[in-house]
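User: I'd like to learn how to read salt bridges, burial and nonpolar cores off a model. Can you walk me through them?

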Amino acid sequence: MKFVGERQLKATRAAPEKFTGGNVWETSALEELRPDGLRALRFSYEPGARSCWHVHDGEQALYILSGRGVVTRWGETTGREVGPGDWVHVEPGEKHWHGAMADTTFEHLAVTATGATHWYESVSDQEYRASHGTETGSAGQAEGGDAG
């Protein structure tokens, strides 16, 4: 068992080849205890900043701490707006991106169960603007309407 206190955590600039549209800071809260094991990070985005398209080998959970963001799946033009208290459960192999809305910062925890993260192309400005379409609201209004 390992305990990690907030005072032990240090934020660093996220790798620029994995993010676009502005600065993103990452803080590693839980590091893998075994190869490709569970890990948890906190990401803080400037307005308009977002990840590149990426895929996880294992499941990932996002928990939104502050601000407003958008999460978009491959093959869908419009993303889902998320805010404080929302959860997003990403399936293994599901290509997606997430980032801040254009007018606010965005902060979330990312807990990834196992495996690597595979990074792909940047989210274009056109894709980013299109993601802010009419499908907005809390993550609790996800497909099927099951909020809990």
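**Reading the contacts**

Analyst: Let's start with K95, which counts as buried at 17% relative accessibility. Buried here means under 20% relative accessible area, exposed means over 50%, and partly exposed is in between (1.4 Å probe, protein chains only). Keep in mind that this is a predicted model, where local features need pLDDT of at least 70 and side-chain atom pairs count only at pLDDT 80 or more, while totals for chains, interfaces and linings use all residues. Residues are numbered from 1 along each chain as its sequence is written, and side-chain values use heavy atoms, with hydrogens and water left out.

User: Where does K95 sit, and what is it in contact with?

Analyst: K95 is in the loop between β10 and β11. Strands (E, at least two residues) and helices (H or I, at least four) are DSSP runs, numbered from the N terminus. Contact means heavy atoms within 4.5 Å. Setting aside neighbours within four places in sequence, K95 is in contact with W53, H54, V55, T72, R73, W74, Y120 and E121.

User: How do I spot a salt bridge, and which residue does K95 form one with?

Analyst: Look for a side-chain nitrogen of Lys or Arg within 4 Å of a carboxyl oxygen of Asp or Glu. K95 forms one with E121, and their closest N and O atoms are 3.3 Å apart. K95 lies in the loop between β10 (87-90) and β11 (96-100), and E121 in the loop between β13 (117-119) and α1 (125-130), so the pair ties together parts that are 26 residues apart in sequence. Unlike buried K95, E121 is partly exposed at 36% relative accessibility.

User: How many salt bridges are there by this rule?

Analyst: The count comes to 9. One of them joins R39 and E32, with the closest N and O atoms 3.7 Å apart. R39 is buried at 13% relative accessibility, whereas E32 is partly exposed at 38%. R73 and E76 also meet in a salt bridge, at 3.2 Å from N to O. In that pair R73 is partly exposed, with a relative accessible area of 28%, and E76 is partly exposed too, at 34%. There is also a network of salt bridges that links E6, R42 and E107.

User: What about the nonpolar side chains?

Analyst: In soluble globular proteins, nonpolar side chains tend to be buried together. A nonpolar core is a set of buried Ala, Val, Leu, Ile, Met, Phe, Trp, Tyr and Cys residues joined through side-chain atoms within 4.5 Å. The largest one here has 16 residues, and V24, F43 and Y45 touch the most other members. Two or more residues each come from β4 (39-45), β7 (60-67), β10 and β12 (106-112). The biggest share is from β4, with 3 residues. Another core, of 6 residues, lies apart from it and includes W53, V70, M101 and V123.

User: Which residues is Y45 in contact with, beyond its neighbours within four places in sequence?

Analyst: The list is F19, N23, V24, R50, S51, H98, G99, A100, T105, F106 and H108.

User: Let's try one in a strand: is V88 buried or exposed?

Analyst: V88, found in strand β10, is buried at 16% relative accessibility. Leaving aside neighbours within four places in sequence, V88 is in contact with Q60, A61, L62, V71 and V82. Take Q60: the residues are 28 apart along the chain, and the C-alpha atoms of V88 and Q60 are separated by 8.1 Å.
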